[in-house]
Each structure stands twice: as C-alpha cells, then as structure tokens.
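Colleague: I am new to this structure and would like to go through it by question and answer. Please keep the replies short and end each on what was asked.

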Amino acid sequence: MKNIGLVGLGFIGSMHLKAYHSLENCRVAAICTRSEVEDKEITDFFNGTFISDYDELLRRKDIDIIDICLPTFLHEEYIAKAARAGKHIICEKPLTLSLESAERIIKEVQDNGVRLFVGHLLRFWPEYQFIKSYSESDQLKDIEIVHAQRLGQAPAWSNWFRHPEKSGGALFDLHIHDIDFISYLLGEAESVYATGTKNNYGAWDHIMTTLLFKNNSKAFVEASHRMPKGYPFTMSFRAQAVQGTLEYRVAAGENIEHIGNQQFVYYNQETKTSIDNVNGDAFQNELSYFVQCVETNQENHVIPLEDVFYTLKLLKAIEASLETGHKISLY
C-alpha cells in the first residue's frame with residue numbers, strides 16, 4: 001500500500017483523487033492545495049489531511065509518491081523539489097514546455113534515484129488500448145493512414161490555459177494526446193507540417209498537423225480549443241490499414257467526464273463489426289500501473305521517459321512549423 005501526496009485539486013486533481021479511491025494498492029494520504037475545499041463529493045470520502053505548504057508535504061516520511069496536478073509552468077519546480085526529497089513522482093502531461101526543461105527534469109530524477117511517471121492518458125484509455133492491440137494483430141497490422149480529431153472549447157475552470165507561456169495552448173494541452181498516441185502506434189516520424197490559429201494571448205488554439213512516418217504511413221491530426229459554446233467535446237480516431245479500418249468516435253459534454261454517444265467499429269471488405277463493452281477507466285488504469293511500477297520496482301514499458309521526451313520533440317517540431325509555415329524534418 002503506497003501513500004500518495006496529491007498536489008493540486010483542480011479538474012485533473014479531482015479526477016485523480018476519484019480514481020485513487022477505487023484502487024487497492026494505494027491511498028491518498030494528503031492533499032496539498034491552497035484553496036478551501038468545500039466540495040462534499042470530496043470531503044465525504046477523503047480521509048487524509050489537507051496541507052497548504054508543499055514543503056511540509058515533502059517532509060512527511062509516510063508519503064511515498066507525489067502526484068502533481070498543477071499548471072504546466074510549475075511542473076519543473078515541483079518535480080525538482082519532490083526528487084530532492086526522495087519522493088517518486090507522477091506528473092500530469094505535458095511534462096513541460098521545452099526540451100531543455102525536460103532534460104533538466106530527467107537529470108534531476110535520475111540524480112536523486114527516484115521514479116517519474118507522466119500521465120499520457122490515451123495509452124491507458126480502454127478504446128485506445130484496443131486500437132493498439134488491433135494494430136499488433138492481423139486485422140490492422142499494416143496501417144497506411146491515421147486521422148484523429150480532438151475538438152472543444154478552452155477549459156473553463158481556469159484561464160491559465162489561454163496563455164502560451166503557462167500552458168502551451170491547445171498544442172501542448174490537447175494536440176499532445178493524439179500526437180503521443182499516434183507515435184506510440186506508428187513509430188518515429190520523418191517530418192511534420194502544421195497550420196493553425198492563435199488566440200488573443202498568442203497561444204495556438206486550433207492546429208491541423210500532417211505527419212509522415214518512417215514506415216511510410218501518414219497521419220492527419222486536428223485539435224481545437226476554439227469551438228463555439230455548446231459544441232460537444234468530440235474526439236475521433238480512424239486507422240486505415242491494408243486489412244481494414246478501425247474507427248472510434250465519441251461526443252461528450254463540455255469535457256471528458258460526461259461521455260455520451262460513442263461509436264467503435266471495425267470495417268473490412270466483407271463485414272462491419274461493432275466493438276462493444278470495452279471496459280475500464282483510463283485514470284484508474286494509468287495510476288494503478290504507475291503505483292504498481294513503484295511497488296514492484298518494474299520497468300515502465302507503457303510510457304517510458306524516452307517516449308515522453310520524443311512526444312515533446314514532435315510538439316516542438318509542430319510548433320516550429322506553425323510559426324514558420326514550413327515543413328519540419330526530424331532527421
């Protein structure tokens with residue numbers, strides 16, 4: 001049983017807390033937040049302590065893992081402090097906003113002998129896990145084209161998302177999900193070309209990216225924080241292979257916690273097959289796996305740090321393409 005110190009109790013922090021409540025290999029022993037917690041849905045089941053001082057949390061010897069659910073621009077500072085305190089770390093994506101910062105973070109955790117896990121959630125999302133397993137089977141093994149969309153409004157619960165120096169905009173907050181999963185699926189990219197729009201603060205808030213991969217497959221990926229009010233949060237993923245096509249589509253409420261209409265279908269030349277009953281919760285899958293890696297000292301094979309760094313490298317190439325209007329070669 002591992003004790004978690006949860007840092008931040010915004011939307012994602014609350015999602016993590018609820019996921020931990022369903023797990024048997026860990027418990028949230030303390031929550032570090034500067035805000036007054038009045039949500040009865042949280043106070044009714046949380047048995048630990050609330051702490052406002054992060055350094056005080058790090059001094060607690062009973063805390064095994066620090067889970068950081070803070071704005072992106074704070075990640076490096078909070079990870080470095082946790083690493084120096086000898087705590088293992090779970091950090092929400094994106095890890096950070098620059099390759100230099102990522103290098104400093106990785107060196108910090110390695111120098112202090114602690115583990116760092118980054119929450120690239122799609123790798124743990126049940127339907128996307130199914131897509132990954134299909135890509136390794138005879139039904140979808142030779143993927144030629146991927147098309148992915150992730151569309152919604154800018155998160156309404158905090159305005160730091162709108163500022164490029166704090167969040168990286170929709171590029172780092174939203175586009176990252178599909179860029180990461182597609183590289184997980186298809187391997188290394190050869191080049192990227194992107195176009196998009198910026199919000200009033202200079203953050204890219206609608207991005208369309210074309211990626212060409214070393215295995216000759218192609219991906220077309222769109223992300224938006226620019227959709228009008230009332231437009232449902234929508235995500236879709238279509239993988240077209242020589243053997244057939246697998247498509248997943250979902251429309252939610254204003255965010256992922258209110259998932260509504262879903263379609264998950266596999267097509268080949270002879271049949272159309274609906275895929276039903278893909279069970280599991282992505283946050284529970286992710287956090288349980290991370291804790292298990294700490295508990296048993298096993299390698300993190302799902303999202304190793306080199307993959308985290310590579311996804312960040314792709315995002316920086318996409319950002320360069322957006323800024324210059326040119327195709328960016330990765331080699």
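The exchange below goes through a helix, the core, the salt bridges and a sheet of this predicted model.

Colleague: What is the span of helix H8, from its first C-alpha to its last?

Modeller: Helix H8 covers residues 169-186, which makes 18 residues. At 1.5 Å a residue, 26 Å would be expected. The span in the model is close to that, at 25 Å.

Colleague: On which residue is the kink in H8 centred?

Modeller: The kink in H8 is about 55°. Its centre is histidine 175.

Colleague: Which residue follows H8, and what is the sign of its phi?

Modeller: The helix H8 runs over residues 169-186. Glycine 187 follows H8, and its phi, near 90°, is positive.

Colleague: How many residues of H8 are buried?

Modeller: A residue counts as buried when its relative accessible area is under 20%. H8 is mostly covered. Of its 18 residues, the number buried is 17.

Colleague: Which element gives the largest share of the largest nonpolar core?

Modeller: In soluble globular proteins, nonpolar side chains tend to be buried together. Here the largest nonpolar core has 111 residues, and Tyr54, Leu116 and Phe237 have the most contacts inside it. The largest share of this core is 10 residues, and they come from H8.

Colleague: Which residues does leucine 116 contact, leaving aside its neighbours within four places in sequence?

Modeller: Leu116 is one of the residues with the most contacts inside the largest nonpolar core. With those sequence neighbours left aside, leucine 116 is in contact with Ile79, Ile89, Cys91, Leu95, Ile105, Val109 and Leu305.

Colleague: Why does the salt bridge between lysine 214 and glutamate 188 tie together separate parts of the chain?

Modeller: The closest N and O atoms of lysine 214 and glutamate 188 are 2.9 Å apart. Lysine 214 is in the loop between strands E9 and E10, while glutamate 188 is in the loop between H8 and strand E8, so the bridge ties together parts whose separation in sequence is 26 residues.

Colleague: Is lysine 214 buried or partly exposed?

Modeller: The range for partly exposed lies between 20% and 50% relative accessible area. Lysine 214 has 43% relative accessibility, so it counts as partly exposed.

Colleague: Which residue of helix H10 is linked to lysine 198?

Modeller: Lysine 198 forms a salt bridge with a glutamate, at 3.4 Å from N to O. Lysine 198 is in strand E8 and its partner is in helix H10 (residues 305-324), 125 residues apart; the partner is glutamate 323.

Colleague: Arginine 226 and aspartate 205 meet in a salt bridge; is aspartate 205 buried or exposed?

Modeller: The N to O distance in this pair is 2.8 Å. Arginine 226 is partly exposed, with a relative accessible area of 44%. Aspartate 205 has 8% relative accessibility, so it counts as buried.

Colleague: Which strands stand at the edges of the open sheet?

Modeller: Nine strands form the sheet, in the order E14-E13-E12-E11-E7-E10-E9-E8-E15, with mixed pairing. Each edge strand has a single partner strand, so one side of each is left without a neighbour in the sheet; these strands are E14 and E15.

Colleague: Which residue of E15 stands opposite valine 192?

Modeller: E8 and E15 run antiparallel and are joined by two bridges. Opposite valine 192 stands isoleucine 328.

Definitions and conventions:
Residues are numbered from 1 along each chain as its sequence is written. This is a predicted model: local features need pLDDT of at least 70, side-chain atom pairs count only at pLDDT 80 or more; totals for chains, interfaces and linings use all residues. Side-chain values use heavy atoms; hydrogens and water are left out. Helices (H or I, at least four residues) and strands (E, at least two) are DSSP runs, numbered from the N terminus. The expected span of a helix is 1.5 Å times one less than its number of residues. The bend at a residue is the angle between axes fitted to the seven residues ending there and the seven starting there. Buried means under 20% relative accessible area, exposed over 50%, partly exposed in between (1.4 Å probe, protein chains only). A nonpolar core is a set of buried Ala, Val, Leu, Ile, Met, Phe, Trp, Tyr and Cys residues joined through side-chain atoms within 4.5 Å. Contact means heavy atoms within 4.5 Å. A salt bridge is a side-chain nitrogen of Lys or Arg within 4 Å of a carboxyl oxygen of Asp or Glu. Two strands pair if DSSP finds at least two bridges between them.
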